[in-house]
Amino acid sequence: MTKNGTLLWIDDEIEMLRAHILFLKGKGYEVDTATNGRDAIDRCRERSYDLILLDENMPGLTGLETLTLIKEVQPVVPVVMVTKSEEEDIMNQAIGAKIADYLIKPVNPSQILLTLKKNIHKKDIISETTNTNYQQNMGRIAMQINDAATADDWVEVYKNLVYWELELVHGDNTMSEMLRMQKEEANNLFARFVRKNYEGWCGSFLNSPAGEGSRLRTASHPPLGGQEGGQPLLSPHIFRDRIFPLLDRKEKVVLIVFDNFRYDQWKVLSHELAEGFTFDEELYYSILPTATQYARNAIFSGLMPNKIAEMFPQLWVDEDEEEGKNLNEAPLIQTQIDRYRRHDVFSYHKINDAEGAERLLGQLRQFANYDLNVVVVNFIDMLSHARTESKTLRELAGDEAAYRSVTTTWYRHSPLKSMLAQLAESSYKVVITTDHGSIRVNNPIKVVGDRNVNTNLRYKLGKNLGYNAREVYEIKDPRKVSLPAPNVSTSYIFAWGDNFFAYPNNYNHYVSYYRDTFQHGGISMEEMIVPLVTMTPKKR
């Protein structure tokens, strides 16, 4: 019979439990016994156990005293307290000493078996159940991917794939590989959908006359695009359709923009925030290129990039200029407020490091002086760049699951956690969003360009680009997709799926350096379909 685990049962009346012990042995468990605390400690020094059942009321060392000594010898072993007492004080002491479970005598075999399954076999049971559930849903997911025809459909596809990606963290490698293949297929079909419809989205984008913005969409979640190719909520719509309506209802708003923040990262971070907030969660579409200069400036200005360059040339920085591409965000916000003839007073803050976050934490009371407080957090973008450049960090964040874990660890130890804890005690509406996401790239595509071509691995623009047109989404007339054209002959190309652009010279070194890194700027669900979450403090 397969051995299910090794147990130690400590009870001064162990002879009265022989029937239970035989039952457990019949289920494949090896069971050692001890009748007092001292013998139990000796047993723990001699061998490791998967779980310990411990009587609370014994002569000599009490159960709680024995528990403390066991934890010194085997600190991670789950200990289940078994007692006749139902006194609250004893329960509190046992829970405070980090017992795994608490059983009241007389116990029956089913109770014992349940606690063993919870504490020894939980991971295996979850893994097996998750694998089975995913297998049963694979066909349905494939149909959903193949039938996706609207922006809303693709949002649902992506949400479903991320759900299973998070679930299969507990599954086996075979199922994870199957999901990866489904996601790859979905991204290829999504790219085809975007290539077919993106020009239409840009053509129908309405830069509404000043004063109309807040009245255009006031529903909580207007449809992204019910008809094929229907225009989704895009980056320039965020203030008009989500922030201004809140301000019109006299809400005080804190807008937190995490740079380069994916939906899967939001899902794990949401567990950290659930105690303090309720969520109104949706996804919107980042514009192309899915890069900070374009997408974040579009959010803050309420305009597509070509309109920013045309209307506010002093605030737009071309790709070939040395100046920082996001130094004008606060002025861009002001232009949008002015354009809609609004009178909102706002503050703007950018957090690039822990020191900056600490400073902002000290200024939190000043938020009350403004209708809108905008906070840009650059950590996640810095993490993706640091992962590319640091071999150690690349190993720590080796895949999507590890990348999410590093994000969560950073949040738990950052001043931002303290800031959001304070906001959970306030009456503010807190909106969390991003300018774009990122994707882990693996497949190089050759592209040729002159020295003025930009360095991004997921999109290129220039006058003399050489590439295979079948491998890219090419835009020869940037005006059709609302992008600026620094020169008359400027064209743009975008990578899709997990492709990235590589130059022919020094090709092998370039490919080796950038393969398996997180990049952004191109077309994928991870880069384009991004979170937009309105949070309300529970104590409000």
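1. Let me start at a loop. Pro289 is found in the loop between strand 7 and helix 12 (292-301). The peptide bond leading into this proline, from Leu288, is cis, with omega near -10 degrees. Keep in mind throughout that this is a predicted model.

2. There is another cis bond to look at, this one from Lys105 to Pro106, where omega is near -5 degrees. Pro106 also belongs to a loop, the one between strand 5 (101-104) and helix 5 (109-119). As background, most peptide bonds are trans, and most residues other than glycine have a negative phi.

3. That brings me to phi. Arg341 has a positive value, near 55 degrees, and is not a glycine. You will find Arg341 in the loop between helix 14 (329-339) and strand 8. Is Arg341 buried or exposed? With 65% relative accessibility, Arg341 counts as exposed, since the cut-off for that label is over 50%.

4. Ser482 is another non-glycine residue with a positive phi, here near 60 degrees. Its loop runs between strand 14 (473-475) and strand 15 (491-494). The relative accessibility of Ser482 is 8%, so this serine counts as buried; the label applies under 20%.

5. The two strands flanking that serine loop are themselves paired: strand 14 and strand 15 run in the antiparallel sense over three bridges. One of the pairings puts Glu474 opposite Ile493 in strand 15. Both strands sit in an open sheet of three, ordered 13-15-14, with antiparallel pairing. Strand 13 (459-462) and strand 14 are the edge strands, each pairing on one side only. On average, neighbouring strands of this sheet are turned by 15 degrees against each other, direction ignored.

6. Now for the six-stranded sheet. What is the strand order here? Reading across, the order is 7-18-10-6-9-8; the sheet is open and the pairing is mixed. Strand 7 (277-285) and strand 8 (346-351) are at the edges with a single partner strand each, so one side of each has no neighbour in the sheet. From one strand to the next, the twist averages 15 degrees. Both edge strands have come up already: strand 7 comes before the Pro289 loop, and strand 8 follows the Arg341 loop.

7. Within that sheet, strand 6 (residues 253-258) and strand 10 (residues 429-434) are a parallel pair, joined over six bridges. If you want a place to click, Leu255 has Val431 of strand 10 as its bridge partner. In general, strands of a sheet pair through backbone hydrogen bonds, either parallel or antiparallel.

8. What lies across this sheet? Helix 19 (residues 415-423) does, over strand 6, strand 7, strand 9 (372-377), strand 10 and strand 18 (529-537). Against strand 6, helix 19 runs at about 155 degrees.

9. Last, a helix pair. Helix 7 (residues 151-167) packs with helix 11 (residues 263-273) at an angle of about 55 degrees, the axes being 10 Å apart. The two helices are therefore oblique to each other, and their crossing is right-handed. On the helix 7 side the contact uses Tyr158, Lys159, Val162, Glu165 and Leu166, which meet Tyr263, Asp264, Lys267 and Val268 of helix 11. Sorted by class, that makes five nonpolar and four charged residues, with no polar ones.

Methods. Residues numbered from 1 in each chain as written. Predicted model: local features only at pLDDT ≥ 70, side-chain atom pairs only at ≥ 80, totals over all residues. Heavy atoms only, no water. Pairing = 2+ DSSP bridges. Helix = DSSP H or I, 4+ residues; strand = E, 2+ residues; numbered from the N terminus. Axes fitted to C-alpha atoms, helices over the stretch in contact; angles between N-to-C directions. Contact = heavy atoms within 4.5 Å. Parallel < 35°, antiparallel > 145°, perpendicular 65-115°, else oblique. Left-handed = near helix turned anticlockwise from the far one by under 90°. Nonpolar A, V, L, I, M, F, W, Y, C, P; charged D, E, K, R; others polar. Buried < 20%, exposed > 50% of the residue type's maximum accessible area, 1.4 Å probe, protein only.
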